[in-house]
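Me: Please take a close look at one part of this model, a single helix and what packs around it. Set it in the context of the chain and keep the account plain.

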Amino acid sequence: MTSIAPARVEVPIDTVEAHPVGEKPKSRRGLVMTLVLAVAAIFWISPLALLVITAIRPLSDFIGNGPLSWPDAFTWSNFKDAWGIGNFATTYRNSALLALMKVPLGVLVSAMLGFALAKLRMKFRRTVMFTVFLGLTIPIYITIVPVFIMMRSFGATDSLFGLIGPYLAFGIPFEVLVLQSFFRQIPDEIIEAARVDGAGNWRVFFTMILPLSLPALVTVAILDAVATWNEFLFALILLNSDAHKTIPVGLLNFQGQFANNNTGLAAGILIAVVPILIAYTLLQRWIVGGLTAGATKG
């Protein structure tokens with residue numbers, strides 16, 4: 001009986017190599033990029049770290065050793081003193097009330113205007129869109145005197161309700177820009193199907209557009225709330241009494257004519273930004289998703 005020898009299989013040399021030749025350069029580039037981003041992150045977070053250290057050190061240590069030195073002692077009394085000096089019990093209430101009044105109204109008006117510009121056939125649509133977006137190019141500083149004269153003639157100075165009008169005027173253009181870009185990505189077939197079933201524009205807007213646009217609406221609401229919470233110029237010009245001041249204006253109480261309470265101011269700033277930090281931490285994915293939703297088609 002003739003034995004048959006097993007066939008010899010030759011394996012190409014290039015398939016034996018476990019790692020491609022170009023992997024090491026790629027890994028090196030990734031390591032360099034990681035180091036660069038780490039250094040950039042340290043520089044970015046250093047002001048916040050300096051603010052926290054300043055808030056928990058005594059004022060005498062801050063003055064004696066300088067702002068960039070490591071504290072010899074730590075104290076939590078700055079936060080207690082800052083709460084009283086900044087009148088945060090009143091300013092927190094005013095800022096929260098102003099945000100609760102202005103943000104839902106601004107988002108609703110911007111959503112209706114954005115829907116009209118994106119999905120409705122209307123005359124002078126391009127003119128209206130250009131006029132709205134023109135508001136993004138107007139600096140707030142050149143409108144201070146006209147707005148103050150107009151609010152004073154209406155008797156709306158030193159009132160939280162008087163701030164709603166200027167806040168809406170400067171907030172709506174950006175919100176419309178974001179929302180109408182998102183609305184354009186909603187298929188027209190869905191709206192046409194609803195209209196065939198007898199739905200009007202109002203029903204389409206409230207029952208279909210708003211639920212489908214929840215990520216963009218949440219993003220716009222958060223950004224609008226942050227801008228309202230941090231707004232300083234109009235609040236400084238239009239509000240006079242301590243009973244109506246908002247948080248940014250209340251922080252001026254830490255600056256005197258001859259001395260500044262730097263450690264108290266740092267503690268007051270941390271107290272002021274706590275709601276903003278919590279909102280960004282909990283809703284970060286909504287913010288990123290809403291801003292990038294209208295960037296691509298499909």
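Reply: Of the contacts in the chain with a separation of 6 or more, 75% are between residues 24 or more positions apart. The model is a predicted one. Its chain has 15 helices and 0 strands, and 34% of its 298 residues count as buried.

The part to look at is helix H6, residues 125–134. Which residues of H6 are buried? They are Met129, Val132 and Phe133. These three lie on the same side of H6, because the arc they cover around the axis is only 90 degrees. The spacing fits a general rule: an α-helix has 3.6 residues a turn, so residues three or four places apart point the same way. Phe130 and Thr131 are exposed, and they sit on the face of H6 turned away from the buried side. One phenylalanine of H6, Phe133, is thus buried, whereas Phe130 is exposed.

What covers the buried side? The cover includes helix H5 (88–119) and helix H8 (160–183).

Take H5 first. H5 and H6 pack with their axes 10 Å apart, at an angle of about 140 degrees. The limit for roughly antiparallel is over 145 degrees, and the two helices are therefore classed as oblique to each other. The crossing in which H5 passes H6 is left-handed. On the H5 side the contact is made by Leu113, Ala116 and Leu117, and on the H6 side by Arg125, Val128, Met129 and Val132. By class these residues are 6 nonpolar, no polar and 1 charged. The charged one is Arg125. Met129 and Val132 appear both among the buried residues of H6 and in the contact with H5.

The two covering helices also pack on each other. The axes of H5 and H8 come within 7 Å and cross at roughly 40 degrees. That angle makes H5 oblique to H8. Here H5 passes H8 in a right-handed crossing, while its crossing with H6 is left-handed. The contact of H5 with H8 consists of 21 nonpolar, 6 polar and 3 charged residues.

A residue of another helix also touches this part of the chain. Ile209 is found in helix H10, residues 201–212. Is Ile209 buried or exposed? Its relative accessible area is 1%, under the 20% limit, so Ile209 is buried. Leaving aside residues up to four places away in sequence, Ile209 touches Phe115, Phe183, Ile186, Ile191 and Val204. Of these, Phe115 falls within the range of H5 and Phe183 within that of H8. Ile186 is 23 residues from Ile209 along the chain, and their C-alpha atoms are separated by 8.1 Å.

For comparison, consider a helix pair elsewhere in the chain. Helix H4 (residues 77–85) and helix H14 (residues 262–282) have axes 8 Å apart and pack at an angle of about 80 degrees. H4 is accordingly roughly perpendicular to H14. In this contact Asn78, Phe79, Ala82 and Trp83 of H4 meet Thr263, Gly264, Ala267, Gly268, Leu270 and Ile271 of H14. They divide into 6 nonpolar, 4 polar and no charged residues.

Terms used
Residues numbered from 1 in each chain as written. Predicted model: local features only at pLDDT ≥ 70, side-chain atom pairs only at ≥ 80, totals over all residues. Heavy atoms only, no water. Buried < 20%, exposed > 50% of the residue type's maximum accessible area, 1.4 Å probe, protein only. Helix = DSSP H or I, 4+ residues; strand = E, 2+ residues; numbered from the N terminus. Arc of directions from axis to C-beta. Contact = heavy atoms within 4.5 Å. Axes fitted to C-alpha atoms, helices over the stretch in contact; angles between N-to-C directions. Parallel < 35°, antiparallel > 145°, perpendicular 65-115°, else oblique. Left-handed = near helix turned anticlockwise from the far one by under 90°.
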